[in-house]
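Please look first at the sequence and the three-dimensional structure shown below, and keep both in view while reading. The report that follows starts from one helix and then widens to the chain and its inner spaces.

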Amino acid sequence: MTPPHGAAARRDNAALPLPQKKPLTRRRAPARADRPFRGIALILLSTLFLSTSDVTAKYLTKTLPPVEITWMRFVVFAAIMVPAMLPGSPLYALRTTRMRFQLLRGLALLGSSILFISGLRYLPIAEASATSFVAPLFVTALSIVFLSEKVGLRRWIATAAGLAGVVIILRPGTGAFQMAALFPIASAFAWACTLVMTRVMSGREHVMTTMTYSSIAGVFVLSALVPFVWVAPSWRDILFGLLVGLASTTGQWIVVLAFRYADASVLAPFSYIQLLWASIFGFVVFGEVPDAWTVTGAIFIVASGLYTAHRERVRQSQLLTVVGETSPNP
């Protein structure tokens, strides 16, 4: 409860320390540090864990429905975060000043997971991964609405080039087009929403808080859906489901940590290493070799993302150099 305005001047009342201690009940986010190399190293590490989760999830789609696989993933996620949900725990992290953003981020992450795993059921992992990497292009558009950023002509051209890469991969209107290819695109949009909300909360909310609410939102929604599609898993399925959850949770955790040390524009280019892992795992596990269309489209998407990240760095440096200058058209 907020004390009356005159309370601050009453030094003789030393028995009222509670107003100063109250903010400490919420886990504070560590201050953001400008350590780009550490952020880059974390992003590179995250791509290995996320790719491991993806390839294992694709393997499971042979026997289990995507909703059940995603549910197993989030159950493991939530189990890992249980210490942060217990009020008496030193890791308790459910106090937040941004409840709406935390829950929305959790739902966006959940949507991205279900949609991507649904696409993996029908698509080669390299193709699904390449298509899903249009997320930075969606981030560009969403940043206008949620972060009040100005996006100039050159960045829109880069965005168009990335979308051209998606068209090259999907080849709509031809016999090679599959409706399932729309799943990774929708997943990319949901993931872009996750990234934007992570960026909004970065430096304001503790990593533990963000991860805990994401796990809670996912488990609650999926537990309501999974009974309608339930298939009894084998012990092998359960073990692989645990691997999906552990690898995914570790990867997501590292991504959130990376944002503490570097801006999204710095980290974005290095996230494309995940395409390399996806191609390697796809070949080793499933014997999949990306065709020329997928490789060409991926080049367009990666080039677009790299240019967008470059323009973001230029824009940030100009804003820091000229105090009070209006954001330039990148």
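The model is predicted, and a good place to begin is helix α8, whose 20 residues should span 28 Å at 1.5 Å a residue, and because its end C-alpha atoms are 29 Å apart, the expected and modelled lengths agree. Helix α8 is also mostly covered, since 15 of its 20 residues are buried.

One residue in helix α8 is methionine 201, which counts as buried because its relative accessibility is 2% and buried means under 20%. Leaving aside residues up to four places away in sequence, methionine 201 touches Arg98, Phe101, Gln102, Arg105 and Thr210. Among these partners, glutamine 102 is 99 residues from methionine 201 in sequence, yet the C-alpha atoms of the two are 8.5 Å apart in space.

A second residue can be set beside it. Serine 46 lies in helix α2, which runs over residues 36-60, and serine 46 is buried, with a relative accessible area of 2%. When residues up to four places away in sequence are not counted, serine 46 touches Gly251, Ile254 and Val255.

| Residue | Helix | Relative accessible area |
|---|---|---|
| Serine 46 | α2 | 2% |
| Methionine 201 | α8 | 2% |

Turning to the chain as a whole, its secondary structure comes to 13 helices and 0 strands. Of the 330 residues in the chain, 48% are buried, while the chain exposes about 16,400 Å², of which carbon and sulfur atoms supply 70%. Among the contacts with a separation of 6 or more, 88% are made by residues 24 or more positions apart.

How many cavities of 30 Å³ or more does a search of the whole structure find? The search finds 3 of them, and the largest cavity holds about 790 Å³ of space. Its lining is made up of 40 residues, of which Phe133, Ala135, Trp191, Leu195 and Ser271 lie nearest the centre of the cavity. The elements that give two or more residues to this lining include α2, α8 and α10 (235-261), so the two helices discussed above both take part in it. Sorted by class, the lining of the largest cavity has 18 nonpolar, 16 polar and 6 charged residues.

Note on methods
Residues are numbered from 1 along each chain as its sequence is written. This is a predicted model: local features need pLDDT of at least 70, side-chain atom pairs count only at pLDDT 80 or more; totals for chains, interfaces and linings use all residues. Side-chain values use heavy atoms; hydrogens and water are left out. Helices (H or I, at least four residues) and strands (E, at least two) are DSSP runs, numbered from the N terminus. Buried means under 20% relative accessible area, exposed over 50%, partly exposed in between (1.4 Å probe, protein chains only). Contact means heavy atoms within 4.5 Å. On a 1 Å grid over the protein atoms alone, a cavity is a set of points where a 1.4 Å probe fits but cannot get out, and a pocket is an open set with protein on both sides within 12 Å along at least five of seven lines; lining residues have an atom within 4 Å of a point. Grid points are joined across faces, edges and corners, and a volume is the space filled by probe spheres set on the points. Ala, Val, Leu, Ile, Met, Phe, Trp, Tyr, Cys and Pro count as nonpolar, Asp, Glu, Lys and Arg as charged, and the others, Gly among them, as polar. Accessible areas come from the Shrake-Rupley method with a 1.4 Å probe; for residues, only the protein chains shown count as cover. The expected span of a helix is 1.5 Å times one less than its number of residues.
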